[in-house]
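Reader: Could you walk me through this model and tell me how each term earns its name?
Author: Gladly, let us look at it together.

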Amino acid sequence: MRRSKVMACAVGASLLLAGCGGGADVGGGTGENALPGVDQYLNAPCPEAAVKPATDKEFTYWAMWTADEPQGKVLQKAVKCFQEKTGVKVNVQWLGRKAYTQNLVPALNTDTVPDLFDQDVSKVGAAIMTPGGTQSVDDVFAMKVGEGDKTVKDVLSASSYDFPQNKDHEGHNFMVPYTVQSSAWWFNKDAGDVQQPKTMDELTALFDKAKADGKAAISQDGDIPFYNMYFFTQLAERFVGSGGLNKAATDKTGQAWKTDPGFLKAATETAKLPKYFIDGWDAAKFPQVQQRWADGDSRYLYVGTWAPSETREYLDKQGAGTKINYGSFQFPMPTGATHDTVEQMSIGFAVTKKAKHAEAAKAFIAYFLNKDILSGIPAVADNLVPRADLAVPDDLKQVKAAMDDPKKEHVLQYDGLDGIAGGKWQTDVFDPADTALLKGQISPQQFVDQLAAKGAEFWKSQG
C-alpha cells in the first residue's frame with residue numbers, strides 16, 4: 001500500500017492525477033496470484049444506500065490510491081454503486097500515496113480542496129487536522145450503513161477509531177476507518193514454516209540459519225525512512241509501552257531518552273540487525289529490495305500487512321507463475337522488556353473543513369462501510385478491516401491473531417512519532433540518527449545521545 005506512483009491526468013501544471021471521474025472499468029485480477037473472490041466481489045450487485053443526500057448532487061474525492069491498485073478497484077466499485085443508488089456524482093481523482101502532502105496540504109489555503117480524502121490517521125492528524133483542515137465526522141458514526149438499523153458505530157470496532165490520536169482540537173473524531181494495519185516479519189512457508197520466536201536470540205538464530213542456507217536474511221528497503229523506523233520503535237515499545245516513545249519525543253529537554261534505560265537497550269538490540277540485511281539495502285530504490293524477497297533472494301521481510309498484497313501483485317505482473325505461501329510472526333520480547341505490544345494503524349476517510357459537499361461525502365463514508373462494499377478490502381485488496389464480522393485473509397490470520405490477543409498492549413504505529421510537529425520531528429530528529437545507527441556509523445549510546453541533543457534543539461527552534 002506504500003507505493004507512490006503518480007500517473008497523469010493533468011489538472012493544472014502542478015497537479016498530476018492518476019485518473020479522473022468515477023465508474024471506470026473495475027475488471028478483476030488475472031494470473032497465478034489473483035485472489036479467488038475478486039471477480040465474485042466486483043460483479044456482485046450493489047447494496048442499497050441507507051443514507052441519501054437531501055441536497056448534494058455531487059462531491060469530490062481525492063484518493064490515496066491509484067485506480068489500478070486492488071484498493072482502487074474496491075473504491076471504484078463503491079463509487080459506481082453509490083452513484084447508481086443515490087444519483088450523486090462522485091468526482092474522483094486517483095492521486096496516490098503522497099496526495100496529502102503534494103496536493104492537499106498546498107491546497108488548504110485555497111478554495112480548491114476535495115470534500116473527501118483518505119490516508120492513515122497519523123498523517124491526517126499531522127498534516128491536515130493540526131493546521132485546521134478537517135471537520136468533525138462524529139455525525140457519521142450515527143448514520144445507517146444499509147443493514148437494517150445498524151449504524152457505523154455499531155459495525156466498527158471501537159479500537160479502530162476511539163483513541164486520542166483521532167481527536168481534533170475540540171475532541172471530535174476527524175477520521176472514520178475502513179482499513180486497519182499492523183506489521184510483522186514475513187516469510188514464505190514453502191521454504192520452511194517458522195514458529196514465533198520467543199527471544200531475540202531465537203530471532204537472530206533464524207537469520208543465521210538463512211545465511212547458512214546461502215540466503216540473505218532480511219530484505220530492507222533502506223530508502224523508505226519509516227521502513228527503517230520499524231526496528232527501533234518495535235523494540236523500544238516493548239520496553240516503554242504505549243505512549244512511551246511519544247512522551248520521550250515530545251520532551252522539550254530531550255533528557256527522557258537518557259533517563260529511561262529501555263531506549264538504550266532497544267538501540268543495542270537494533271544495532272544487531274543490520275548485519276543480516278541484504279546487500280545493497282541502503283542503495284536500492286523501493287520496491288527493488290522487497291521484490292528481491294518475493295523472488296526468494298532473502299528469507300525475511302519486515303513491513304506492514306500490505307506485504308502480501310504488494311508482493312502478490314508484483315509476482316502476478318512478472319508472469320512466471322511464482323507464488324508465496326505467506327507466513328508471519330511478531331518481534332519477540334527482548335530480555336528485560338515488560339510490555340507485550342502489537343501495533344495498529346487505521347486508514348480511513350476524512351472530510352475537509354472547507355468541503356462544499358460534506359453531506360454527500362459523509363453519506364459515501366457510511367455506504368462504504370456496508371458489509372457488501374467493505375468486504376472488498378479483504379477479498380480484493382487482501383487487507384484487514386475494522387469490522388469483526390468480515391473475513392480475515394488467510395495471509396493475515398497470524399497478524400490478526402496477535403492484534404486480537406487480549407494479553408497484548410495495543411500501540412499506535414510507531415507510537416505516533418511520525419505525526420509529531422506535523423511530521424517534522426521524525427524527519428529532522430529521528431531519521432538521521434536512525435539511519436546512522438542502521439549503517440553502523442554511530443553506536444547505540446551515540447544514537448540515544450543524538451536523539452536527546454537534536455530533540456532539545458528541535459523543540460527550542462519551534463518556540
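Reader: What makes W62, M64 and G96 part of the lining of the largest cavity?
Author: A lining residue has an atom within 4 Å of a cavity point, and a cavity is a set of points on a 1 Å grid over the protein atoms alone where a 1.4 Å probe fits but cannot get out. W62, M64 and G96 belong to that lining, along with A99, Y100, L104, F117, D118 and Q119. Two elements, α3 (99–107) and β3 (116–120), each give two or more residues to the lining.

Reader: How confident is the predictor in the protein?
Author: This is a predicted model, in which local features need pLDDT of at least 70, side-chain atom pairs count only at pLDDT 80 or more, and totals for chains, interfaces and linings use all residues. Residues are numbered from 1 along each chain as its sequence is written, and side-chain values use heavy atoms, without hydrogens and water. On the pLDDT scale (the predictor's confidence in each residue, from 0 to 100), the mean is 91. Residues 1–30 stay under 50.

Reader: Why are the buried residues of α6 said to lie on the same side?
Author: Buried means under 20% relative accessible area, and exposed over 50% (1.4 Å probe, protein chains only). The buried ones in α6 are M200, L203, T204, L206, F207 and A210. They cover an arc of only 145° around the axis, so they share the same side of α6; the arc is that of the directions from the helix axis to the C-beta atoms. The face turned away from them carries the exposed D201 and A212.

How values were computed
Helix = DSSP H or I, 4+ residues; strand = E, 2+ residues; numbered from the N terminus. Contact = heavy atoms within 4.5 Å. 1 Å grid on protein atoms, 1.4 Å probe; cavity = no way out; pocket = protein on both sides within 12 Å on 5 of 7 lines; lining within 4 Å.
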